[in-house]
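Visitor: I'd like a close look at one part of this model, with whatever surrounds it filled in along the way. Could you pick a single strand and work outwards from there?

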Amino acid sequence: MEKKILLVFVLAFIPTILGRNATTGTIVVDVTTTIAETDENFVCLTLDIWPHDECRWSKLCVWDGHASMLNLDLTLPIINKAVQAFKSLRIRVGGTLQDKLIYNVGAGFEGTCHPFQATKGSLFDFSVGCLYMERWDDLNNFFNNTGAIVTFGLNALLGKYKTQGIQWEGNWNYSNAEALIQYTVENNYQINSWEFGNELAGLNSIGASVTAAQYAKDVIKLREIIDRLYNNSQQKPMIVAPGAFFDEKWYGEFLRKTGPGVVDVLTHHIYNMGAGDDPKLIYRFVNSTYLSQVSSTFEHLENVIRKNAPWGAAWVGEAGGAYQGGSPHISYTFINSFWYLDQLGMASMYNTKVYCRQTLIGGFYGVIKSSTLLPTPDYYGALLFHRLMGPRVLKIDNNVSSDLRSYAHCSRGRSGVTLLFINLSNATDFIINVENNINLSLRKGKASNGQRTKIDSPREEYHLTPKDGLVRSSTVLLNGNPLETTKEGDIPNLLPVYRQSNSSIHIAGWSIAFIVIPHFVAPACN
């Protein structure tokens, strides 16, 4: 029955070039003030810890391919060049098994840890695993060579014991983490932030749960360690926590008990699209109402921080769209970009400073497919967002259609505004005119005070479409040309097409477009 459902959907998603509607409308950008601001390095990718024999799917090992931080070949040209293309890509290292990972350093631990082994009935069905210092050295050389900005997730369960249900109690045994941090400082490895624990907080804890009071006590200890070990360092790493699914009550209590000067960043995880093997999953990617539902999570976390920790920042510490390692039929294809780029746009509107996508490589949701070592459409979308969308976020009024998702930022590193459009409809193209809220129409070229503005310079357009119009294609076209790496792993140039700034913008059905308007009058961007 499942195969029939998928077949019907695939047939329904064959593009209909003839008979497509065209809707004309106007987008208004509020250019008087910014509504939010992201970090300069907003886009973030993750490296997880799963071993290659993690096989939750029947006859299918999600992580088969040696794609975790423990076993990834860090010399692969494509991996290095994919990270270097960002120049300063954030990488978050961590995941479910970080709370079962010990480090082969320090008294009582050096020489006593071993690789992960599948162990039925154990927490997460794996034994305790080991990070050898030789591997830590290799990882840090990779980070240094690629310009990565690193967040590393620490084991928060060491020293704790299970009581009832999934509740764990007891003080954190910090000695192993302290030894790792000490080793890192002594070797001058640059870690931007240390994250404490993974999905151990609140009602939606995964496998194990720790109370907010105990978590706060443990994080305060981590703060003491970092302040002491980095006392003579020019740059002190941030503390990031709790890396969990948002629970408003738990997060609020945690912040009140830690107080100021302890936690710098509040992280939460998002897997809002559902299970990777759900046959109805694909429909959600083109459902505007469904995509918008998660905005309440961003809003509530922003409010919790504003009320309890105005010094803190919100990050999405991990987001993969579909859980269970992603979807083997969707996560690496063009349609996944509808969710992913919409998430980047939406999260930035709520002062989310960083958004970490699960994963750089590994699972079905890697932006580099581990079986082929080829970048997916999401990789190119992330790279364009990073290069074009600046940190300052603008309000945008879109009354054209709910199928046309739209976001506006001040352009990165230059004047003007960059717009992101996502057309969820295959039946309708959109012809868009852009105005600002101080009565300047690009088509008219005259401001409300009667003065003309320079609009004769062209705008840049980057239109992303799936190969052959099939949204489940793993090949993406940029302005009609397929994006393909060279045999040496070089990332292709992402070149725009140029249009007159005062002409209408054409957004084709089932497409994504970045529009850079260099002389758009935007006082908030000055």
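**Strand β16 and its surroundings**

Guide: Let's start with β16: 5 of its 6 residues are buried, so the strand is largely enclosed by the rest of the structure. Bear in mind that this is a predicted model.

What does β16 belong to? Here 8 strands close into a barrel, and β16 is one of them. Going round, the order is β3-β4-β7-β10-β11-β12-β14-β16, with parallel pairing. From one strand to the next, the twist averages 25°. As a general reminder, strands of a sheet pair through backbone hydrogen bonds, in either a parallel or an antiparallel sense.

Now for the neighbours of β16 in the barrel. On one side is β3, paired with β16 in the parallel sense over 3 bridges. Look for V43, which stands opposite Y355 of β16. The other partner is β14, which runs parallel to β16 and is joined to it by 4 bridges. There you'll find A319 opposite R357 of β16.

Something else packs on this part of the barrel. Helix α10, residues 336–348, lies across β3, β12, β14 and β16. Against β16 itself (352–357), the helix runs at about 160°.

Follow the chain out of β16 and you come to an oddity. The peptide bond from Q358 to T359 is cis, with omega near 0°. T359 sits in the loop between β16 and β17. For context, most peptide bonds are trans. The barrel strand β11, residues 238–244, holds P242, and that residue is joined to A241 by another cis peptide bond, with omega about 0°.

Let's step across to β14. Strand β14 covers residues 313–319, and 6 bridges tie it to β12 (residues 265–270), the two running parallel. H269 has E318 of β14 as its bridge partner. Just beside that pair on β14, try G317, which is in the strand too. Is G317 buried or exposed? Its relative accessibility is 1%, so G317 counts as buried. Setting aside neighbours within four places in sequence, G317 is in contact with T46, R92, T267, H268, H269 and C356. C356 is where this takes us back to our strand, since β16 spans 352–357. For a sense of scale, the C-alpha atoms of G317 and E435 are 35 Å apart, with the two positions 118 residues apart along the chain.

Elsewhere on the barrel, helix α4 (residues 175–186) lies across β7 (149–154) and β10 (193–196). Its direction is at about 160° to β7.

That region leads into the core. Which residues touch the most other members of the largest nonpolar core? They are W136 and F254, in a core of 136 residues. Helix α5, residues 212–229, supplies the largest share of this core, 8 residues. There is also a second, separate core of 24 residues, and F421, I515, F520 and A524 are included in it.

Back to W136 for a moment: leaving out neighbours within four places in sequence, its contacts are L131, F152, L180, Y183, T184, Y189, I191 and W194. Two of those names, Y189 and I191, come up again at the second largest pocket, where they are among the residues that lie nearest its centre, along with Q190, N192 and Q235. The lining comes to 20 residues, and about 480 Å³ of space lies in this pocket. Elements giving two or more residues to the lining are α3 (133–146), β7 and α4, and α3 gives the most, with 4 residues.

Two backbone details further along the chain round off the tour. Most residues other than glycine have a negative phi. N479 has a positive phi of about 50° and is not a glycine; look for it in the loop between β25 and β26. W510 also has a positive phi, near 50°, and is found in the loop between β28 (505–507) and β29 (511–517). With a relative accessible area of 6%, W510 is buried.

Key:
Residues are numbered from 1 along each chain as its sequence is written. This is a predicted model: local features need pLDDT of at least 70, side-chain atom pairs count only at pLDDT 80 or more; totals for chains, interfaces and linings use all residues. Side-chain values use heavy atoms; hydrogens and water are left out. Two strands pair if DSSP finds at least two bridges between them. Axes are lines fitted to C-alpha atoms, for helices over the stretch in contact, and angles run from 0 to 180 degrees between N-to-C directions. Contact means heavy atoms within 4.5 Å. Buried means under 20% relative accessible area, exposed over 50%, partly exposed in between (1.4 Å probe, protein chains only). A nonpolar core is a set of buried Ala, Val, Leu, Ile, Met, Phe, Trp, Tyr and Cys residues joined through side-chain atoms within 4.5 Å. On a 1 Å grid over the protein atoms alone, a cavity is a set of points where a 1.4 Å probe fits but cannot get out, and a pocket is an open set with protein on both sides within 12 Å along at least five of seven lines; lining residues have an atom within 4 Å of a point. Grid points are joined across faces, edges and corners, and a volume is the space filled by probe spheres set on the points.
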